[in-house]
Structures are given as C-alpha cells and as structure tokens.
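Visitor: I am new to this structure and would like to learn how to read it. Could you walk me through a few features, starting with a single residue?

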Amino acid sequence: MTTASSPPLVVDLDGTLTSTDTLVESIIQLGKQHPFDLLKLPFWLLKGRAEFKANIATRSTLPITNLPYRIELVDYLRYEKQNGRPLILATAANCKIANAVAAHLDLFDTVLASSERHNLKGANKLIAIQQTVGPDFVYAGDSKADLPIWQAAQAAILVNVSSNVGNTVRQSTPIELEIPAVKIDIKHWLRAMRMHQWFKNLLLFVPLLTAFSFHDIDKLVAITVAFFAFSFTASATYMGNDLWDLESDRAHPRKKYRPFASAQIPILNGIALSVALLILGLAVALSVSLSFFWMLFLYLVLTTTYTWVLKTYVLIDVIVLSLLYTLRIIAGSVALDIPTSSWLLAFSVFIFFSLALVKRCAELLTLQQRGQEATHGRDYRSIDLVVLWPLGVGSALSAVVVFGLFISAPETQVRYASPQGLWLVAIGLIYWLARLWIKTARGEMHDDPLVFAIRDFGSRITILAMITTTLAAHFMTLE
C-alpha cells in the first residue's frame, strides 16, 4: 500500500490509461469532420511528428468523455490521489488531447505532453519526467517504447504488456501493480467481422429458389462462391462502419461492447483486416463473373455512402437499408444469370423496408425506456415512433398484398402446379411479420431482424414451413 510519501506516479495515456490510440482516433474524427484534410496528412508528417499531431489535434475534436478508459487503473489512481500521492500524466499525445483527458478525469496534478515543436516520446519523455519530478518516480506504461523509462523508475506499473516486455521490466525494476494483458482470440475477430451477419447474404440464394434451379450443380457452386464474395466484402464494410461509428457506438448500451468500440482489437489491426477482406471479396467476385463483380462494387459504394452520409438522415437510412437487402437478391440473379421477377423486386422492397423499420423502432424503444429523447449520430427521436410503427406495419402488409397479387398473376398460374397453395404462404407471412412487430413492441428485438429470424425458433419453423409449402405448390398438384 502506498502513502503520501510514495514517489510520484507517472502515467502514460495511449494503451495505458486508455486502451485505444488517441492519434488514430483523432485521424478518424478528422476524416468525419474535415474529410479533405486527410489529403494533407503526408505533408503534415513531413514537418515532423510533433507538428503532425498538433495539426490533427487542432483540426479535429476527439470525444474525450467516452474513450475506453481502463477502469481498474483509473480506480487505482483515484485511490492513490485520495491518499495524497502526486499523479502526473505523461504522454506523446498532443497537449490538447492530454489536457482534455486530465480535465475530464480530474486526477492529475501535472500534464506532460507533446507540443507543436516537441514530440514527447521515449528519451524526450524520460527527460521531461525527471525535470518535473526528479529521479524518484513510478511509471505506468504498456509498450516496449516505455522500457527506458521503466529502467530509470523506482517501480513499474505494467498495463497490458506482452510477456517479453513484462519479463524484461521485472529483471531491473520492482513491480508495484500489474494489469494483465487481454488476450485477443479468434472470437474477438469473428465478432469484429460480424460473421453472424453473413446470414443476410443467404438472400443471394433466393433467385435459385424462386427459379427452382437448386438441382443445377453449376449454379449451386456459382451462388455459393458469390455468397462468400459478398460475405467477405460485407465484413470489410461492417468493420469500416464500426471504426467510423466509434463515438456513437460507445454511447449505445449494447454497441459499446463491440470489439473496436471497447478497444479489444487495435484500430490499425482492424483496418488491415478490413482491407484484406475487401481485396479478397472483390477477387472472389471476379471469379464468378464481371457482371457480379460490378453488382458487388455497387453494393460497396452504396453501403459506404450509407456509412459516411446517408445514415444520418431520417427515413433515408431505412430506405437505403431496404435497397441493400434487395440488391443482394439482384446480385444473386446476376451471379446465376437468371432474370429477376418484378414481383420479387416489389415484394423485396416492401418487406425489407418493414424489417429496416423494425430495427430502427427497436433502437428507439430502448432509447425511450432509458428516458432519452434522441439517438446519437442519427436524426431520430423517440417521438418518431408514432409515425414509424404504422409505417413499418403498413409496409409489411403491402408486401403481403404484393405476394397475393403475384399468386393471381397469369405467369404464376402457369409455373406452379398448385398456385392456390401459395395462400398458405401468405398466411405464414402475415403471422411471421406480425410476430416480429410484436416482439419489437415488447422490447425483445435485440438483433438485426434477419439475424433474429435465424436465431428465433418460431421464426425458423415458420420460414421452413413457408419454403416447404412453396415447393409443394410448385411440384405437387392438389386434387
């Protein structure tokens, strides 16, 4: 246990006090707030790292209050502060960011940080620390770059260090506290890739089902390859979306636990994997056909535009989401070289618009239950539910009406052996869609509706029954 006579405790910021990198996050904020300034980054870097950091900090505003701070370390610092121990924040981050963090936490007596002319890293940081507190101090850090400072310190606090760094420090410096490293395993990466969202890409198989061509091995292979191309690319866009939405995700009751929002996975690692998945997805798409590649590229452009711009506009966001779902079906048609029915397109737009509104209403209901009025990062308010509820239910019923008209269409009468059997599918649609909206109204919709449909037993049974009935109506003649 330390006392007021204990040596001053000097604490690093990036990777130590917070588990993220404030410079990388500031660059993301710069891209959101002043996107054309990203073109200036190489020129700023040529002027030196200190001025590089200063320009980024000056031109962007980092949301300090919801950074992923290490609670265990913050609690320890608060205890030491209460016992009269001097606390110093020493970081290579720009002084604007460091001072904002210090003001928010209200723990530190002194702040040492990089200025426009001086980059406070490595040996420079050690000199600044010794000039401020003298030779006797304890240092809390997280990386190999901190080794010279630990060697000069009376004791060390190790935060999330690798085993090699930890062993090196223990050989020369007593350990006051160690916060063990959080192991990043395959589960973290799969969550970051949102592999559960790959279920959405099963929509590519819809044209294969509606054309009753699932016995064609060549088409089955082609659509399977197309599925993986879409899934790799979608994972890349999901990761890009999560990096873009760090601020709003951290303000969300569930999304704050996502791998990037909680800083379980370093941002630069996520960017590298996202780029690799994007290249892989586009390369696989080319192996299907050039036309399918362009459909996937269109999806990429549309989803990127949605992430950067369109998601902030009320209703525009759900319309775009419904189009992204429908685009998957069209892409499946292109991959299979099967014409897309106008009935299928109309049905898709209405049903996916309803499902997109399910997702938005579920979020607003959660917001309302928490006593909040407006979403963070989106132009929605809890009062909008009075409009969105009937709009979503109406869109669901419109999809059923379109399906009913499809049953009566001349081409359906020709293609199906027993088209009247499809009315059982219409009843199943009414039940399933109504069930989704009831689940939403009860606050039980915590997933994307399509993902919920895969996980929910009642939905699985209903969808399986509708598919079986459709196949029976096509192949079997009812006497």
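Guide: Gladly! Please keep in mind that this is a predicted model. Let us begin with L112, which sits in strand β3, residues 110–114.

Visitor: Is L112 buried or exposed?

Guide: To judge that, look at the relative accessible area, where a value under 20% means buried. L112 has a relative accessibility of 13%, so it counts as buried.

Visitor: Which residues does L112 touch, leaving out those up to four places away in sequence?

Guide: Its partners are I88, L89, A90, T91, L120, A128, I129 and T132. You can also look at a distance between backbone positions: N94 is 18 residues from L112 along the chain, and their C-alpha atoms are 9.4 Å apart.

Visitor: Now a residue outside the strands, please. Where does D37 lie?

Guide: D37 belongs to the loop that links α1 (22–33) and α2 (41–46). Its relative accessibility is 5%, and therefore D37 counts as buried. Setting aside neighbours within four places in sequence, D37 is in contact with L30, W44 and R59.

Visitor: I have heard of the backbone angle phi. What should I look for there?

Guide: The general idea is that most residues other than glycine have a negative phi. Here, L315 has a positive phi of about 70°, although it is not a glycine. You will find L315 in the loop between α14 (290–308) and α15 (316–336). With a relative accessible area of 32%, L315 is partly exposed.

Visitor: What is the phi of D337 near?

Guide: It is near 60°, again a positive value in a residue other than glycine. D337 lies in the loop between α15 and α16 (342–369). Its relative accessibility is 68%, so D337 counts as exposed.

Visitor: Let us turn to helices. How is the packing of two helices described?

Guide: Two numbers do the job: the angle between the axes and the distance between them. Take α17 (residues 385–408) and α19 (residues 422–441): they pack at an angle of about 170°, and their axes are 10 Å apart. That angle makes α17 roughly antiparallel to α19.

Visitor: Which residues meet where α17 and α19 pack?

Guide: From α17, the residues include L388, W389, G392, V393 and A396, and further along V400, F403 and I407. Among those they meet in α19 are L422, W423, V425, A426, L429, I430, L433 and W437. The residues of this contact divide into 17 nonpolar, four polar and no charged.

Visitor: Could we step back to the whole protein now? How many helices and strands does it have?

Guide: There are 21 helices and six strands. The C-alpha trace spans about 95 × 50 × 40 Å along its principal axes. Of the 479 residues, 51% count as buried. The protein exposes about 22,100 Å², and carbon and sulfur atoms supply 64% of that area.

Visitor: What do the contacts say about residues far apart in sequence?

Guide: Consider contacts between residues at least 6 apart in sequence: 65% of them join residues at least 24 apart.

Visitor: Since the model is predicted, where is its confidence lowest and highest among the elements?

Guide: Read the pLDDT for that. Helix α20 (residues 449–455) has the lowest mean, 81, and strand β1 (residues 9–11) has the highest, 96. The protein averages a pLDDT of 91, with 98% of the residues scoring at least 70.

Methods
Residues are numbered from 1 along each chain as its sequence is written. This is a predicted model: local features need pLDDT of at least 70, side-chain atom pairs count only at pLDDT 80 or more; totals for chains, interfaces and linings use all residues. Side-chain values use heavy atoms; hydrogens and water are left out. Axes are lines fitted to C-alpha atoms, for helices over the stretch in contact, and angles run from 0 to 180 degrees between N-to-C directions. Helices (H or I, at least four residues) and strands (E, at least two) are DSSP runs, numbered from the N terminus. Angles under 35 degrees count as roughly parallel, over 145 as roughly antiparallel, 65 to 115 as roughly perpendicular and the rest as oblique. Contact means heavy atoms within 4.5 Å. Ala, Val, Leu, Ile, Met, Phe, Trp, Tyr, Cys and Pro count as nonpolar, Asp, Glu, Lys and Arg as charged, and the others, Gly among them, as polar. Buried means under 20% relative accessible area, exposed over 50%, partly exposed in between (1.4 Å probe, protein chains only). Accessible areas come from the Shrake-Rupley method with a 1.4 Å probe; for residues, only the protein chains shown count as cover. pLDDT is the predictor's confidence in each residue, from 0 to 100.
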